[in-house]
Amino acid sequence: MKTLWPQIERLLLGVSKPARYIGGEQGAQYPEHGPGKVAWLLLYPDTYEIGLPNQGLQILYEILNERPDAVAERSYAPWVDMEEAMRAAGVPLFSVEQHVAARDFDIMAFNLSAELVYTNVLNLIDLAEVPLHVSDRGPDDPLVIAGGHCAFNPEPLVDFVDAFVMGDGEEVAGEINEVVGAWLAQPSDERQRNDVWLALAAVEGVYVPSLYESSYEDGRLVATVPVQAGVPAEVVKRTVTDLADWPYPSHPLVPLTEVVHDRLNVEVFRGCTRGCRFCQAGMITRPVRERPAEQVKEMVSKGLAWSGHDEVTLTSLSTADFSGIENTVRDIIEDPVHEGRVSVSLPSLRVDAFTVATAAQIQKVRRTGLTFAPEGGTWRMRQVINKLITEEDLYSAVDAAFSQGWRRVKLYFLIGLPTERDEDVLGIAELGAKCVEIGRRHQKSVTVTASVGGFVPKPHTPFQWFGQDTVSELQRKVNLLREASRKTKGLTIRWHDPEASAAEGAMSRGDRRMGAVIERVWRAGGTFQEWSERFNLSLWEEALAAEGLSLHEVAHRDRGEHEPLPWDHISAGLHRDFLWTDWQDALAEAGVEDCRWTPCYDCGACTEFGLEHVVASPVPPAGGSQGTGQDLAAGGRIPVRLMTSAGAR
Amino acid sequence: MTVDAVAVEAEGPVSASRRFRFRFSKVGKIRFTSHRDVARMWERALRRSRLPVALSQGFNPHPLLSFGLALPTGCESQGEYLDARLEDVRPGDVGIGELPTLLTELLPEGMTVQAVVPIGMAEGSLQQEVASCTWELEVLGVNGEELQGRIERALAAPSLTVQRERKGRQTEDDIRPAILSLALIGEDTLEQGEYPNGRLRAELATHPRGVRPSDLLAALGTDVVLARACRTHQWIERDGARFEPLSVSGLGTDPIVEHAAAIGRAS
């Protein structure tokens, strides 16, 4: 194990933010590599400051380093100036802890959190001096694996990745370690990559794309099927049943330099049952599994003492839904150990006055901004996307916020949603204007920001069949909205670049043919496509055209009920007929309730794994069943489908 | 809460908070972190120490810490300073003498707390008081002999104009008045072309505008490349005498330190 530090050190005076490359975080581990230990390099394919806080990576880092037969270090994408300096000096990609060359590890494991990082994955493999294509790698090259939400459509990256891991990584990481360890124990001249592929494919939740082939007809995918015996026709995701068994990260990394989310994070539950139809995370992480409140408090207490942070975020897809959230928050704030000096933040606030009350309890001072996500501009639209927030909910939340001293309210919306009409887009401006008006009742000067993103349909969601809006259509809607809100003082519209949504869409639902496209974009210099100053849509359009594809074919086209989808052989547990039914309900503008408190829709997420939602409380969270369209307070039985007009107000 | 008798004597009126000056080093990999990064490291270390750091009043209370002159990112130092106000000074479980070890353990590798002393509330801030810094620089690009010649010419010149960036704009400054001393040091035992080529010691003034090692090297020629820089001392001038804000060697004879005030910690 040789360190590259002396060579790296010389480059650092000439690059921006050199602290990104030195490691040394509190919690960093310096394991001894050696025979009998599988060496993992955990990679986040974006900059250090974006990647370091990633919880999935930190969890695996600890779990692997606790094993006697594994070591794990980390690496992130060097920024453009550093990459240039490294290539000029012949310095390959390295780990940040011990500055060991990436190619000296047995496994390079990528976290795939966003589609626009795919070109960075290629760049990092190349910078590691590892053959770019799976087919060119030999027995001594590292195995390249990948996991994370984007792995649920692995097809665009199959040329470059030996194996993908679907779902929760806590258990499967150890199983992979054993398989790879056994393979590495064989003499080098007897080792065949095909052997380890077959062994990996036998591990539940692991997909080895080289053992499958896609067939096409008239330029469209027909099927992706195994080409070797003993390889499963469908790969089903892994699900950890009890989060209490996995209190990680227990020693969260505390960086030496500035990163995003620079605070303690404690995951309070995984999964979400609200059923927002646009939300891939909510669909693929079902069912809900809560961490026991006692363990949450213990992790917060220990984590703050360990890290020296004065702020903790309770993370999940909808933290206000955590059973007994009020008590948990109060216990944390009032814990004498923290001397009243700790602040708690809840991401993804639910839109209601109750949630604002909880926020007020947390944020006694410094009430600057609160964020809500109604997502759709009209009730009709919100029924389509199944985000069943009434205007009353929103206005009462906004009223509570402004009356209790908050001065800024930020609202998240999507445009380019299925069935969207101009009135839905204009509804965003109307909601925004009404919120400003409510604010003025309490304060002289208020700011409401409507942040608007272009919707990108994702695999394993009811909207996976939907053809996303073109760049020009999204731009037209943005302009419509800007024009409509121009006269409203106090309302600001912000929007996401529609061009980036188009490229994201191509990778989100592309098949194996996208590999050549991604490679072309990378070869043309298209790295860091998540960064607006680096993003370039024409690189993508040219690459698609060169491969006989188009944005229309991959992103903007509606798919039919029976059209084979590139991820048909990957299962997040959700039945395809459930997703299709939900898609039809969406088109019929019918919402469905949160299944935590209503009869099961048999989406498959629980039944496939013999699980149930693991929640501490059988009743909806305090504050009511907001967002579920149910009147549980009345105690009545609720129809499974809502009437289209029921909530129109 | 009892207020330490020593504190009362030293401060006059009863005050629950006292000022302390910390001296620390920053060497090794950690030199690539920024001044702001170092501030965050201290805030976290002090929180972990559970020492009663005084907080500012207002909507957004923050610890009352005051750092000296920013050390440029990439430079090492043997003499960095931090002034902190601690509340609730009383006989407790931590003596001042224990603080360096305690805090060094909580700070990242490469940062060592060398000394801590109480200072008067009326002492000037580090920013105001420090008048110059001594630097040791390792450079490459030109050999020792050539470097010696350039140093002599620079010192003989009436003015030395360098281009600097100031708030995003290029400015031209004469840095000659700020170069208080400059000399080649040590044996140039390294082979030609090896890393580094020469070592310099320079004392650079901090007012009206501080001169950075990179500014100095720019004045010696564009082919002189900085390989490593270490701030070895910071100097305060008073009544014509030059001394360090906290002298490490003088620590044992400081009468206040001998009566080491203890600092209480929340349990």
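Start with chain A and colour it by domain: domain 1 covers 5-236, and domain 2 covers 263-513 + 549-609. Keep in mind that this is a predicted model.

**Stop 1: the two domains of chain A**

Select domain 1 of chain A and then domain 2 of chain A. Their C-alpha centres lie 30 Å apart. Now look at where the two domains meet. Here, 24 residues of domain 1 of chain A are in contact with 25 residues of domain 2 of chain A.

Which elements give two or more residues to the domain 1 side? Select strand S7 (212-217), strand S8 (220-226) and strand S9 (235-236) of chain A. Put S8(A) in its own colour. With four residues, S8(A) gives the most to this side.

Next, colour the domain 1 side by residue class. You should find 16 nonpolar, five polar and three charged residues.

**Stop 2: where chain A touches chain B**

Show both chains. Across this boundary, 19 residues of chain A are in contact with 19 residues of chain B. Stay on the chain A side and colour by class again. That side has nine nonpolar, six polar and four charged residues.

**Stop 3: the two domains of chain B**

Hide chain A. Chain B is also assigned two domains: domain 1 (5-127 + 246-263) and domain 2 (128-242). Domain 1 of chain B is therefore written as two stretches, as the assigned bounds show.

Find the contact between these domains. It joins 14 residues of domain 1 of chain B to 13 residues of domain 2 of chain B. On the domain 1 side, select strand S3 (76-87) and helix H4 (126-129) of chain B, the elements that give two or more residues. S3(B) supplies the largest share, five residues. By class, this side of domain 1 of chain B has six nonpolar, seven polar and one charged residues.

**Stop 4: helix H6 of chain B**

Select residues 213-220 of chain B, which form helix H6. Which residues of this helix are buried? They are B:Pro213, B:Asp215, B:Leu216, B:Leu217 and B:Leu220. Show their side chains.

What do the buried residues of H6(B) pack against? Add these elements of chain B one by one:

- helix H5 (144-156) is one of the partners;
- strands S6 (130-140) and S7 (161-166) are also among them;
- strands S9 (179-184), S10 (198-205) and S11 (225-238) complete the set.

Finally, step past the end of the helix. B:Gly221 follows H6(B), and its phi is positive, near 125°.

Note on methods. Residues numbered from 1 in each chain as written. Chains lettered and ligands numbered in written order. Predicted model: local features only at pLDDT ≥ 70, side-chain atom pairs only at ≥ 80, totals over all residues. Buried ≥ 20, exposed ≤ 12 C-beta atoms within 10 Å, placed from the backbone. Contact = placed C-beta atoms within 7 Å. Nonpolar A, V, L, I, M, F, W, Y, C, P; charged D, E, K, R; others polar.
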